[in-house]
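Colleague: I've got a structure open and I'm new to this. Can we walk through how some of its parts fit together?

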Amino acid sequence: MPHTSILRFGLILTTALVLLAGLGTAAFYLSRPQALPLPEEFDKPVMAAQIEFLADALRRSAAQIAAHPQTLACFVSAAPAVCQAQAANLHALNQDATVLFVTAEQNQLLPGFLPGDTRRLLAGAGGNGTGATATATFNLSLSHPVVDSDGTRLGFVIVEQSVPQLQSLFDTLPLPDAAAYAELQQVQASDASMVLMRRGNQVIKRHAQPTLIALAGTPWQIAVWRPVTPVVERVAPYLLGWLVASLVIAILVMATVLSVRNRVTDSLRTLVKFTNDLRQQRLRAEYPVSLEEFKPPLETMLKLGKVMVGRQKEVTTQARMDHLSQVNNRRSFDEKQKELFASLKDGWSHSLLILDIDNFKQVNDTFGHEAGDQLIIKFGDALKHCLRNSDFIARLGGDEFCVLFPFTPLERAQELAERLRAKMPESVDLIPGVTQKLSWSGGLSEYSRDDKGENEALARADAALLEAKRGGRNATRVKAAA
């Protein structure tokens with residue numbers, strides 16, 4: 001199985017979340033409200049409504065004039081007096097309007113010059129003969145046919161009305177965007193348009209298509225250009241938002257991952273510490289961990305470790321103890337002796353006493369090995385009860401024991417040996433019916449810094465023991481270092 005790390009998991013998680021944030025940003029971008037078409041959003045401005053109302057009022061006025069009896073009388077009689085009287089009446093009703101009577105043959109019944117725009121209006125009048133035109137001076141002209149009772153067209157009534165408020169209306173035109181551009185255009189006969197007024201940034205006109213708002217009943221229209229935002233500019237805010245979100249995600253995830261990694265590392269160090277303590281057969285009361293997930297298994301390991309340490313200590317103790325006398329064995333004696341010999345260079349003095357049970361072979365031969373074993377056991381117990389806690393007792397083999405007196409000069413060790421002899425019981429019970437007098441022979445010596453090895457002091461004590469045995473037993477001989 002390939003190895004990985006918490007940091008790599010963090011990088012994978014960060015990448016996944018960043019991609020997910022990118023998909024969310026893209027979905028948000030695609031589902032954003034789209035700009036409504038300009039006619040719906042912009043709708044008919046107040047200017048258009050007012051102009052259309054004015055044009056409708058002018059149309060109705062022209063229709064009323066065309067249907068008036070005096071107007072019909074003017075066209076039927078073509079009498080200048082009748083026509084002038086009707087013109088005077090109309091002028092009295094609306095002094096801002098100009099009314100022209102023109103026959104079907106385009107003969108003007110009232111005196112005056114027929115403007116070119118009016119001629120174009122008449123030339124373009126078809127069907128029912130109605131039409132509308134305008135000039136750059138913002139005059140609105142409308143025509144209406146004049147018919148007799150038989151439906152014969154007699155001519156046209158032309159009404160021209162000035163629209164001086166057109167400039168102020170266009171200036172207050174609400175644009176859909178602050179950067180938009182608008183024009184008030186007049187449609188020409190060739191479908192071309194003439195710009196009457198303009199507002200906004202004209203550069204926009206090069207990069208966008210206009211939205212046209214026709215002013216019904218007039219030759220005018222409003223053209224509006226809305227600025228086209230480049231794709232990069234439209235996407236840039238969302239891209240920036242995604243980058244910021246990605247940065248925040250990366251910081252949060254990596255901070256969390258690093259925190260978890262540090263806590264895991266601390267917990268693993270605690271486990272290593274626990275393992276080292278277990279190897280050294282010493283356990284602490286508590287092993288704190290940073291993560292809760294490590295606590296239950298560590299508690300279980302600690303319980304098992306205590307059992308193992310207990311068993312290991314028991315095994316170690318048994319390995320260092322003599323199974324019969326329950327004092328230290330020869331192996332433990334060698335380790336302790338080496339330790340004491342190494343400390344001589346620091347100026348300390350140590351002594352040792354070798355003891356041999358008197359008549360041990362006779363007991364074995366007479367009463368059997370069971371009695372001999374009991375004698376060794378009782379002798380070991382007596383040594384433990386009669387010596388100091390700091391003294392080291394070991395069975396070297398058979399009926400031979402040794403006592404190490406740490407940090408004790410030879411003279412003091414000699415006093416301790418005599419005290420031991422005095423405190424030892426005189427006899428011990430071995431088996432039912434068998435009581436043995438307890439006596440021992442001893443050889444006492446000391447460790448010397450002049451010795452080449454730790455066993456030289458043991459050899460001197462063994463030689464002293466031999467002298468005690470030859471001298472009649474139940475005595476202690478001393479052999480100091482040369």
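Colleague: Let's start here: which residues in helix 12 does helix 11 meet?

Modeller: Keep in mind that this is a predicted model. Helix 11 covers residues 360-367 and helix 12 covers residues 369-386. From helix 11, the residues taking part are Phe360, Val363, Asn364 and Phe367. Their partners in helix 12 are His369, Ala371, Gly372, Leu375 and Ile376.

Colleague: And how many residues of that contact are nonpolar?

Modeller: Sort the contact of helix 11 with helix 12 by class, and you find no charged residues and three polar ones. Gly counts as polar in this scheme, so Gly372 goes with the polar group. The nonpolar count is six.

Colleague: Okay, over to helix 4 and helix 5. Are they roughly parallel or roughly antiparallel?

Modeller: Look at the angle: helix 4 (residues 69-77) and helix 5 (residues 80-93) pack at about 150°, with axes 8 Å apart. Angles over 145 degrees count as roughly antiparallel. That is why helix 4, relative to helix 5, is roughly antiparallel.

Colleague: Which residues of helix 5 are in that contact?

Modeller: Helix 4 brings Gln70, Thr71, Ala73, Cys74 and Ser77. By class, the whole contact of helix 4 with helix 5 holds four nonpolar, five polar and no charged residues. On the helix 5 side you'll find Val82, Cys83, Gln86 and Asn89.

Colleague: What about helix 3 and helix 4: oblique or roughly parallel?

Modeller: Their axes come within 5 Å of each other and cross at roughly 60°. Roughly parallel needs an angle under 35 degrees, and roughly perpendicular starts at 65. Therefore helix 3 lies, with respect to helix 4, oblique.

Colleague: Which residues of helix 4 touch helix 3 there?

Modeller: Helix 3 contributes Ile65, Ala66 and Ala67. The class split for this contact is five nonpolar, one polar and no charged. The helix 4 residues are Pro69, Thr71 and Leu72.

Colleague: Now the second largest pocket. Which residues lie nearest its centre?

Modeller: This pocket has a volume of about 220 Å³, and 14 residues line it. Helix 3, helix 5 and strand 1 (97-103) each supply at least two residues of that lining. Nearest the centre are Ser61, Gln64, Ile65, Leu90 and Leu93.

Colleague: Last one: how many charged residues are in its lining?

Modeller: Go through the lining of the second largest pocket by class. Seven residues are nonpolar and seven are polar. For charged residues, the answer is no charged ones.

Conventions
Residues are numbered from 1 along each chain as its sequence is written. This is a predicted model: local features need pLDDT of at least 70, side-chain atom pairs count only at pLDDT 80 or more; totals for chains, interfaces and linings use all residues. Side-chain values use heavy atoms; hydrogens and water are left out. Axes are lines fitted to C-alpha atoms, for helices over the stretch in contact, and angles run from 0 to 180 degrees between N-to-C directions. Angles under 35 degrees count as roughly parallel, over 145 as roughly antiparallel, 65 to 115 as roughly perpendicular and the rest as oblique. Contact means heavy atoms within 4.5 Å. On a 1 Å grid over the protein atoms alone, a cavity is a set of points where a 1.4 Å probe fits but cannot get out, and a pocket is an open set with protein on both sides within 12 Å along at least five of seven lines; lining residues have an atom within 4 Å of a point. Grid points are joined across faces, edges and corners, and a volume is the space filled by probe spheres set on the points.
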